Amino acid sequence: MRLFRHDLHSLSGAYALDALETEAEHDRFTRHLSRCPSCAGEVRGFREVATAMAFAAATEAPPGMRDQVLAAAARTRQLPPEVAGESRARQKRSRAWMPWVPWLSGAVAVASIAVAVFFGFAQAHTQDELDQIRAQNQAISLLLSSPQVTLLSKSTTEGGVATVVLAAARHQLVVVTNGLPALPAGHVYQLWLIGKTTTTSAGLLPAATDGRTPPVLATGVVKGDTLGLTVEPAPGSAQPTTTPILALPLPV
Amino acid sequence: MSPNDPDASRFTSATADRRGGRDLDDLLVQVARGDTEAFEAVYDRLVGPVYGVIRRVLRDPSQSEEVAQEVLLEVWRTAARFDPAVGGAATWVLTIAHRRAIDRVRSATAAAGREHKTAEVHTPHDEVAEAVEASLDRERVRRCLDALTDVQRESITLAYYGGHSYRQVADLLKVTLGAIKTRIRDGLIRMRDCLGVS
C-alpha cells in the first residue's frame with residue numbers, strides 16, 4: 001500500500017508510542033525520519049511525553065531484582081563505542097577468514113543449530129522456560145540472518161568439536177559442540193571470552209543430546225577476544241580454574 | 001530499593017528535568033566506560049519507571065520482572081550507544097523499556113492472556129486514576145491527560161499503557177484508522193504543550 005506523505009507524517013504519534021502495526025511499518029517510518037528533520041523533532045518531543053507517562057506509572061520493583069541485575073552486569077561485557085571506519089576493516093578481515101572453514105561444515109553448523117533450537121522447545125516445561133527459549137531463539141535467528149557471519153570450528157584437546165557462528169558487527173556469537181566427552185557428576189563445561197586484560201564467562205554449555213549441545217549465545221564479543229572452553233566445578237566459576245581444552249581466536 | 005533522594009525519580013517540569021536530566025546523562029556516559037557505581041545510580045533513578053511501564057504493558061509480574069532485568073542489562077551493555085545530543089538519558093532508557101515490553105506483547109499475541117487484557121482495557125482512564133497517588137508526576141500527567149478529548153486520552157493510554165497497536169486501538173474505540181492516527185498525534189501534541197516539554 002502506498003502512503004501519501006501526509007499519511008506518513010500522521011504516523012509520528014503512533015510511532016513514538018511503539019504502536020505501529022508491523023516491524024516493516026516501523027522500519028519504514030524510521031527511514032522516513034532520517035529524511036524528515038521536523039518529523040524527527042516531533043517524535044523526540046512525543047517520546048518525552050511517553051517518558052513522563054512512564055514516570056507516572058513508576059512502581060516499586062520486586063526485591064532482589066537490584067542484586068540480580070548488578071550481578072548480571074558484573075559478568076556482562078559492554079559494547080565498545082562504534083568507531084567510524086572500523087566496520088569496513090572488520091568486514092574485510094571476516095571475508096579473508098571465510099575460506100578457512102569449508103562451506104559444508106558451515107551448512108552443517110547452521111543446520112545443527114536449527115535442530116538444537118527446535119529441541120529446546122521440546123524440552124521446555126513451563127511458560128517461563130518457553131518464553132526464555134523463544135527470546136534466545138529470536139536472538140540466535142537474528143544473528144544467523146545477519147549479512148556478515150563468520151563460521152569457525154576447532155577440535156578440543158579432549159576430543160569433540162566446537163563450531164562457532166560469529167557476527168562481528170553484532171558483537172555476538174553462537175556456539176554448538178559435538179562429541180565432547182561426558183563429564184563426571186558435579187562438573188560443567190564453561191565458555192569464556194578471554195580478552196587482553198580480562199576474562200569473562202560466556203555461559204555454560206547445556207547438557208548434550210546425542211553428543212550435541214544446544215546453541216549458546218554469547219554477547220559483548222570485542223576485538224582481541226579468544227573463545228575458551230574449560231571444565232569447571234558445578235555450577236560454574238567466576239574465572240577459569242582449569243586449563244582451556246579449547247582456545248579459538250575470534251576474528252572480530 | 002527506592003532512591004535515597006525523593007526527588008531523584010521525579011519528572012517535575014521541563015526545567016527541573018533538564019537539570020536532573022543532564023546529571024543522569026553524565027551518569028549514563030560514565031556507565032559506558034564501565035563505571036559500576038554510575039550504573040547503580042542509574043538503576044536507582046530509573047528502575048521504578050522502567051519496571052512500572054513494563055508492568056503496565058505486560059501485567060504479568062514475573063514476565064515484567066524478566067523483561068525489566070533484560071532492559072536494565074541492555075542499558076549496561078549498550079550504554080556506549082547513548083548519544084546525549086539526540087535526547088535525554090531517561091528517555092533513551094524508557095524508550096528501550098517500552099519497546100521491549102511491546103516486543104514481548106507482539107511476539108506473544110497469539111498466546112492466551114491477551115483476551116482478558118482486551119476485556120480490561122475498556123476503562124483505561126480509571127486505571128490511570130487508580131495509579132495516581134500523591135506523586136507530582138502522576139498528578140501532572142493525569143491533569144494533562146484530563147485536558148484531552150476522550151478519544152485522544154483513550155487512544156494514547158490504550159497504545160502506551162495497554163501496548164495496543166493503532167489498528168487495535170481503532171477497533172477497540174470503533175474509530176477509523178485515519179482518525180486514530182490523528183487523535184494520537186493531536187493528543188500527544190497537547191500533552192507535550194501541557195507538560196512543558198521543549
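**Figure 1. A valine pair across two strands of chain A.** V164(A) stands opposite V175(A), which belongs to β3(A). This is a good spot to start looking around the structure, which is a predicted model. The two strands to follow here are β2 (residues 161–167) and β3 (residues 172–178) of chain A, which run antiparallel to each other and are joined over 7 bridges. As a general reminder, strands of a sheet pair through backbone hydrogen bonds, in either a parallel or an antiparallel manner.

**Figure 2. The open sheet of chain A.** Stepping back from the valines, we find 4 strands of chain A forming an open sheet, with the order β1-β2-β3-β6 and antiparallel pairing. At the edges sit β1 (150–155) and β6 (212–219) of chain A, each of which pairs on one side only. From one strand to the next, the twist averages 20°.

**Figure 3. Chain A as the setting for the sheet.** Chain A contains 8 helices and 8 strands, so there is plenty to trace around the sheet. Of its 252 residues, 34% count as buried. Take the contacts in chain A between residues at least 6 apart in sequence: 61% of these join residues at least 24 apart.

**Figure 4. Two helices crossing between the chains.** Here, helix α4 (residues 37–56) of chain A packs with α4(B) at an angle of about 75°, and the two axes are 9 Å apart. Because angles of 65 to 115 degrees count as roughly perpendicular, that is the description that fits α4(A) relative to α4(B). On the chain A helix, look for R47(A), E48(A), A50(A), T51(A) and A54(A); their partners on α4(B) are A90(B), T91(B), L94(B), T95(B) and H98(B). Sorted by character, the residues of this contact comprise 4 nonpolar, 4 polar and 2 charged.

**Figure 5. The side of chain B that touches chain A.** Widening the view to the whole meeting of the chains, 60 residues of chain B are in contact with 48 residues of chain A. Several helices of chain B each supply at least two residues to this side: α2 (36–58), α3 (61–78), α4 (89–107), α7 (136–146), α8 (150–160), α9 (166–173) and α10 (177–195). Which helix gives the most? With 12 residues, that is α2(B). The residues on the side of chain B that touches chain A divide into 29 nonpolar, 18 polar and 13 charged.

Key. Residues are numbered from 1 along each chain as its sequence is written. Chains are lettered from A and ligands numbered from 1 in the order in which they are written. This is a predicted model: local features need pLDDT of at least 70, side-chain atom pairs count only at pLDDT 80 or more; totals for chains, interfaces and linings use all residues. Two residues are in contact if their C-beta atoms, placed from the backbone, lie within 7 Å. Ala, Val, Leu, Ile, Met, Phe, Trp, Tyr, Cys and Pro count as nonpolar, Asp, Glu, Lys and Arg as charged, and the others, Gly among them, as polar. A residue is buried if 20 or more other C-beta atoms lie within 10 Å of its own, exposed if 12 or fewer, and partly exposed in between; C-beta atoms are placed from the backbone. Two strands pair if DSSP finds at least two bridges between them. Axes are lines fitted to C-alpha atoms, for helices over the stretch in contact, and angles run from 0 to 180 degrees between N-to-C directions. Angles under 35 degrees count as roughly parallel, over 145 as roughly antiparallel, 65 to 115 as roughly perpendicular and the rest as oblique.
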